[in-house]
Amino acid sequence: MRVAIALCFIALSCAAFSETSANRWFDADLNYIGSPDRGPVGGVLLIGAADGRRHLTCWGWADEAKKTRFNADTMCWIASNTKGIAAAVVLTLVDDGLVSLDDPISKHLPEFAALTVKEKNGSLRPAKTVMTLRHVLSHTSGLAFFPGKPYDCRDERPMRLLAHLGAKTPLEFDPGTGFKYSNWGIDVAVAVVEAVTGRPWEERLKKRLLEPLEMNDTTFWPNEEQMRRMAKGYAFKADGGRRESTAYPLRDLRGAKPRYAEAGGGLFSTANDLYKFFRMIANVGRGENGRRVLSEKAMREWFSKQTPEAIEKQYSLGMWINPQKNSISHAGAWRTHGIADWENSTVRIYMVQVVRGNGDTKECEAEWERLSAGYGFGR
């Protein structure tokens with residue numbers, strides 16, 4: 001079986017990547033090859049610059065069996081790229097003066113007033129610090145990744161219920177004293193959005209972010225037309241071959257039970273749509289269409305490392321931060337990745353649908369980053 005890669009290339013000029021430098025990773029048809037004991041996988045790359053000029057080329061299969069071609073409007077599960085989008089929604093509340101990043105969570109969700117921390121010996125004690133909105137957005141809250149297993153059921157619970165479970169579950173450390181990557185924390189953050197607005201957080205997401213940026217293909221609930229554009233996910237088998245994934249790591253999108261807007265990783269989108277989000281970031285809060293969705297003050301906060309100085313992890317609000325390179329980024333479980341450079345106003349979107357992304361796909365991504373940097377995108 002052979003799954004082709006789809007590549008979308010946006011650049012200041014029509015210059016192509018060097019075939020010599022790329023052929024270690026891609027064959028003549030631009031199928032990903034990487035290590036010789038691995039099969040090819042599909043994907044999409046978008047690169048954009050400040051002046052908006054584009055060169056766009058797409059090829060390959062989104063669904064090999066159906067011979068559906070991959071393009072920049074192919075739907076993909078973007079997983080943890082959802083975190084940065086959720087953080088942007090919280091920042092709209094900050095802009096409107098409805099919350100502060102240093103608000104105690106208990107100000108908006110009273111059950112967080114008496115948190116406990118679990119010691120190494122299993123004993124519980126009261127938390128020594130107060131959990132804030134900044135903590136839950138920067139993974140320094142002490143919350144675990146998620147309340148138990150199976151993780152695949154995370155979207156079966158509304159965000160307000162997930163937050164309630166977080167308040168009743170002992171923390172792994174005092175808020176602000178450690179780093180623990182946590183979908184749960186992001187879910188608590190949007191539960192605050194719901195408490196403040198009195199409405200489901202996804203309504204504010206649509207009104208304040210998706211509609212202004214014209215991100216019409218970004219959704220928790222793909223419709224029938226979008227499902228027809230959905231890329232297949234593939235997993236590697238022990239023998240190095242591949243199999244098609246039977247389901248997303250979230251419940252069946254067409255299942256009988258309701259699916260909730262899980263803020264830590266539930267969104268589906270396209271390369272074109274995700275590009276619009278990262279273009280807004282690179283434009284310091286203003287969309288490609290000229291619409292401002294976040295203030296420059298909020299963006300300066302977003303461009304700052306939010307983890308304490310004593311913690312090496314460089315994380316901001318729902319996204320990784322690299323102040324040395326003036327870049328902010330995030331990746332998803334199936335190897336989707338977006339990065340914005342706010343100094344040079346450049347954007348890179350890399351999307352691959354690989355279940356449990358492996359070392360080969362990471363090296364493939366790194367190779368494309370190196371090649372794109374050679375053409376002036378990123379450093």
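In the hairpin that β11 forms with β12, where 5 residues lie between the strands, Arg 335 takes a positive phi near 75°. This is a predicted model, and the description below follows strand β11 to its two partners before turning to a pair of helices.

Strand β11 covers residues 327-331 and is mostly covered, with 4 of its 5 residues buried. On one side of the hairpin named above, β11 pairs with strand β12, residues 337-341, in the antiparallel sense over 5 bridges, and within this pairing Ile 328 stands opposite Ala 340 of β12. Strand β10, residues 320-322, also runs antiparallel to β11 and is joined to it by 3 bridges; here Asn 322 stands opposite Ser 327 of β11. The hairpin of β10 and β11 has 4 residues between its strands, and Asn 326 takes a positive phi near 55° there.

| Hairpin | Residues between the strands | Residue with positive phi |
|---|---|---|
| β10 and β11 | 4 residues | Asn 326, near 55° |
| β11 and β12 | 5 residues | Arg 335, near 75° |

Elsewhere in the chain, helix α2 (residues 81-95) and helix α7 (residues 201-210) have axes that come within 10 Å and cross at roughly 80°. Since angles of 65 to 115 degrees count as roughly perpendicular, α2 and α7 are therefore roughly perpendicular to each other. Their contact is made by Ile 85, Ala 86, Ala 88, Val 89, Thr 92 and Leu 93 of α2, together with Trp 201, Arg 204, Leu 205, Arg 208 and Leu 209 of α7. By character, the residues of this contact between α2 and α7 divide into 8 nonpolar, 1 polar and 2 charged.

Conventions. Residues are numbered from 1 along each chain as its sequence is written. This is a predicted model: local features need pLDDT of at least 70, side-chain atom pairs count only at pLDDT 80 or more; totals for chains, interfaces and linings use all residues. Side-chain values use heavy atoms; hydrogens and water are left out. Buried means under 20% relative accessible area, exposed over 50%, partly exposed in between (1.4 Å probe, protein chains only). Helices (H or I, at least four residues) and strands (E, at least two) are DSSP runs, numbered from the N terminus. Two strands pair if DSSP finds at least two bridges between them. Axes are lines fitted to C-alpha atoms, for helices over the stretch in contact, and angles run from 0 to 180 degrees between N-to-C directions. Angles under 35 degrees count as roughly parallel, over 145 as roughly antiparallel, 65 to 115 as roughly perpendicular and the rest as oblique. Contact means heavy atoms within 4.5 Å. Ala, Val, Leu, Ile, Met, Phe, Trp, Tyr, Cys and Pro count as nonpolar, Asp, Glu, Lys and Arg as charged, and the others, Gly among them, as polar.
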